[in-house]
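Here is a short, friendly tour of one protein chain, grouped by topic. Please have a look at the sequence and the fold before reading on.

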Amino acid sequence: MNRYKKNIIYRCKVWSVSTNFKSLNSLSLVLPLSISSTGLPVKIKRFTLLRSPLGNKTAKDQFERREYRSYFTISSRSPSKILAFIDILKYLNDVKFKVIFQEKSMNIPN
């Protein structure tokens, strides 16, 4: 006899990266109010290119690329709610996502 009821909670961890800060900020408009996103440090990559392929080594252009990142988690008893939310994320422009979907079971006595 099993006196414990199995209770499953689904958790989704989402890391997002974008070079466009406005696109990443629009993610906070899509999130429900109960979920807060955590801003992660900005990655800055700087590089230098020669203007001329021949001889003139003093003519250079410098560029930098900024990557804005954030992290949030979603927990629910219904996997369909989480999957529906993940489906909405694909409509955000210029934002890449890494998603980890976990199942956590808890035994609760009857």
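Let's begin on the surface: Glu 64 is partly exposed, with a relative accessible area of 37%. Here buried means under 20% relative accessible area, exposed means over 50%, and partly exposed is in between (1.4 Å probe, protein chains only). This is a predicted model, in which local features need pLDDT of at least 70 and side-chain atom pairs count only at pLDDT 80 or more, while totals for chains, interfaces and linings use all residues. Residues are numbered from 1 along each chain as its sequence is written, and side-chain values use heavy atoms, with hydrogens and water left out.

**Salt bridges**

- The side chain of Glu 64 meets that of Arg 66 in a salt bridge (2.9 Å, N to O); the term stands for a side-chain nitrogen of Lys or Arg within 4 Å of a carboxyl oxygen of Asp or Glu.
- Arg 66 counts as partly exposed, at 36% relative accessibility.
- The whole structure holds 5 salt bridges.
- One of them pairs Asp 61 with Arg 51 through their side chains (2.8 Å, N to O).
- Because Asp 61 lies in strand β3 and Arg 51 in the loop between β2 (38-50) and β3, this pair ties together parts that are 10 residues apart in sequence.
- Asp 61 is partly exposed at 27% relative accessibility, whereas Arg 51 is exposed, with a relative accessible area of 57%.
- Lys 90 and Asp 87 also form a salt bridge between their side chains (3.0 Å, N to O).
- Arg 46, Glu 64 and Arg 66 are joined into one network by salt bridges that share partners.
- In the Lys 90 and Asp 87 pair, Lys 90 is exposed, with a relative accessible area of 56%, and Asp 87 is partly exposed at 36%.

**Overall fold**

- The protein chain has 2 helices and 4 strands; these are DSSP runs numbered from the N terminus, with helices (H or I) of at least four residues and strands (E) of at least two.
- Along the sequence, the pattern reads β-α-β-β-α-β.
- Of the chain's 110 residues, 20% count as buried.
- The accessible surface comes to about 8,600 Å², and 53% of it belongs to carbon and sulfur atoms; such areas come from the Shrake-Rupley method with a 1.4 Å probe, and for residues only the protein chains shown count as cover.
- Among contacts (heavy atoms within 4.5 Å) between residues at least 6 apart in sequence, 78% join residues at least 24 apart.

**The nonpolar core**

- Which residues touch the most other members of the largest nonpolar core? They are Leu 27, Phe 72, Ile 74, Phe 85 and Leu 89, out of 15 residues in that core.
- The elements giving two or more residues to this core are β1, α1 (21-30), β3 (60-76) and α2 (79-89).
- A nonpolar core is a set of buried Ala, Val, Leu, Ile, Met, Phe, Trp, Tyr and Cys residues joined through side-chain atoms within 4.5 Å.
- Leaving aside residues up to four places away in sequence, Phe 72 touches residues including Cys 12, Val 14, Leu 27, Leu 31, Ile 35 and Phe 85.

**Strand β3 and its surroundings**

- Glu 67 is found in strand β3, and its C-alpha atom is separated by 5.6 Å from that of Val 42, 25 residues apart along the chain.
- Not counting residues up to four places away in sequence, Glu 67 touches Val 17, Ser 18, Thr 19, Pro 41, Val 42 and Lys 43.
- The side chains of Glu 67 and Arg 65 are joined by a polar contact of 3.5 Å; this means a pair of N or O atoms within 3.5 Å where, within protein, one must be able to donate a hydrogen and the other to accept it, and residues adjacent in sequence count only if both atoms are side-chain atoms.
- Phe 63, also placed in strand β3, is partly exposed, with a relative accessible area of 40%.
- Together with Phe 47 and Leu 49, Phe 63 forms a nonpolar patch on the surface, with about 270 Å² of accessible area in total.
- Patches are made of residues with over 30% relative accessible area and no salt bridge, joining like charges within 9 Å and nonpolar side chains (Val, Leu, Ile, Met, Phe, Trp, Tyr) within 5 Å.

**Two more residues to look at**

- Asn 7 lies in strand β1 (residues 4-18) and counts as buried at 15% relative accessibility.
- A polar contact of 2.5 Å joins the side chain of Asn 7 to that of Arg 77.
- Asp 94 sits in the loop between α2 and β4 (96-109) and is exposed at 55% relative accessibility.
- Phi of Asp 94 is near 60 degrees, a positive value in a residue other than glycine.
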